[in-house]
Amino acid sequence: MLGGAVAILGLVLAVALYALRERHGLRDISARRVLVGWGLVFPLVTLALLMGFAFLRGEQLFARSSDEAVIAVRAEQWRWVAIYPGGGQTINTIHVPAGRDFTLELTSGDVIHSFWVPRLGGKMDAVPGKTNRMVLHADKPGRYRGVCAEYCGIGHAPMQMVVIAHPAEAYAAALAEQAGSFEPPPQVLNPRPAPAATIIEQWRDYLLDLTGIE
Ligand SMILES: [Cu+2]
């Protein structure tokens, strides 16, 4: 894209310079031809090629893994629930195999959140009613910290998670070991009302006092 942009910019500058220098020679050039050729055909062909390239690359980048390590990740105000193939669940901790691809199927139970573990790669939105697939790869076993990267309410800042990558050969055992501590997550309760709610209530009470309405 950068190479193409530089080439086109160079071409435009060269034509502009030529036009400044050869002002009189330009009368022989058909304006119609310039408009159709450089104004329509050239951009159409160039943009079509770039779009084809972008689609091709997008297809290659798209998460399509036949790997068995598929973990469903459900974002909720304000925590991350990971659900493993066996049905086990962990909260704010996601166990993955190291050294090979794993797939996350992201969704949300309420508003839009965004899953981001900087050391593992790109972030992806968790959208209610939609499942977004993302293939990630942890090179080495270890702990990788992540955050919610889309403002999702008052509990957004502490909505963090840690991805624990286990050696691939020990992954199944690690999950089995976890299985004892797997629990269905308790229902989320809003820990406190949004700050505006209190202010609105106070104003309502004040206005009702003032007007004498019951
Ligand atoms: Cu958030």
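This is a short tour of the structure, one selection at a time.

**The whole chain**

Start with everything shown as a cartoon. You're looking at a predicted model, so colouring by pLDDT is a good opening move. The mean pLDDT of the protein is 84, and 85% of its residues reach 70 or more. Among the elements, β6 has the highest mean pLDDT, at 95, while helix α4 (residues 195-211) has the lowest, at 73.

Now count what you see: the protein has four helices and 10 strands. Follow the chain from its start and the order is two helices, then the run of strands, then two more helices: α-α-β-β-β-β-β-β-β-β-β-β-α-α. Of the 214 residues, 17% are buried. As for contacts between residues with a separation of 6 or more, 65% of them join residues 24 or more positions apart.

**Stop one: helix α1**

Select residues 2-21, which form helix α1. How far apart are its end C-alpha atoms? They are 28 Å apart, and that agrees with the span of 28 Å to be expected of 20 residues at 1.5 Å a residue. Next, check how covered this helix is: none of its 20 residues counts as buried, so to speak of α1 as hardly covered is fair by the definition of 20 or more other C-beta atoms within 10 Å.

**Stop two: the sheet with β1 in the middle**

Hide the helices and select β1, β2, β3, β5 and β8. These make an open sheet of five strands in the order β3-β2-β1-β5-β8, with mixed pairing. Its edge strands are β3 (89-91) and β8 (132-137), and each of them pairs on one side only. Going from one strand to the next, the twist averages 25 degrees.

Zoom in on the β3 end. Strand β2 (residues 79-83) runs antiparallel to β3, and three bridges join the two. To see a matched pair, show A82 and T90: A82 stands opposite T90 in β3.

Then step back to the loop between β1 and β2, where you'll find W78. The peptide bond joining Q77 and W78 is cis, with omega at about 0 degrees. That's worth a look, given that most peptide bonds are trans.

**Stop three: the loop to β4**

Move on to N92, in the loop between β3 and β4. What is the phi of N92? It is positive, about 60 degrees, although N92 is not a glycine. Is this residue buried, exposed or partly exposed? N92 is partly exposed, having 16 other C-beta atoms within 10 Å.

**Stop four: the other sheet**

Select β4, β6, β7, β9 and β10. Here is another open sheet of five strands, ordered β4-β10-β9-β6-β7 and again with mixed pairing. At the edges stand β4 (93-98) and β7 (124-126); each has a single partner strand, so one side of each has no neighbour in the sheet. The twist in this sheet averages 30 degrees from one strand to the next.

Walk across it from the β4 edge:

- β4 and β10 run parallel, joined by six bridges. Show H95 and its bridge partner I164 in β10, then T93 and its partner V162.
- β10 (residues 160-167) and β9 run antiparallel, with six bridges between them. Here R145 stands opposite V162.
- β9 (residues 142-148) and β6 (residues 113-116) also run antiparallel, joined by two bridges. Look for W116 opposite V147.

V162 has now turned up twice: it is the bridge partner of T93 and stands opposite R145.

Before leaving, go back to β4. Although β4 is an edge strand, it is mostly covered, with five of its six residues buried.

**Last stop: the nonpolar core**

Bring both sheets back and select V73, V96 and V163. Within the largest nonpolar core, which has 26 residues, these are the ones with the most contacts. Which elements give two or more residues to this core? They are β1 (70-76), β2, β4, β5 (101-108), β8 and β10.

Finish by centring the view on V163. Setting aside its neighbours within four places in sequence, V163 is in contact with I94, V96, V117, L120, A138, Y144 and G146. One of those contacts, V96, is also among the three residues you selected for this stop.

Note on methods. Residues numbered from 1 in each chain as written. Predicted model: local features only at pLDDT ≥ 70, side-chain atom pairs only at ≥ 80, totals over all residues. Buried ≥ 20, exposed ≤ 12 C-beta atoms within 10 Å, placed from the backbone. Contact = placed C-beta atoms within 7 Å. Pairing = 2+ DSSP bridges. Axes fitted to C-alpha atoms, helices over the stretch in contact; angles between N-to-C directions. Core = buried A, V, L, I, M, F, W, Y, C linked by C-beta atoms within 7 Å. pLDDT = per-residue confidence, 0-100. Expected span 1.5 Å × (residues − 1).
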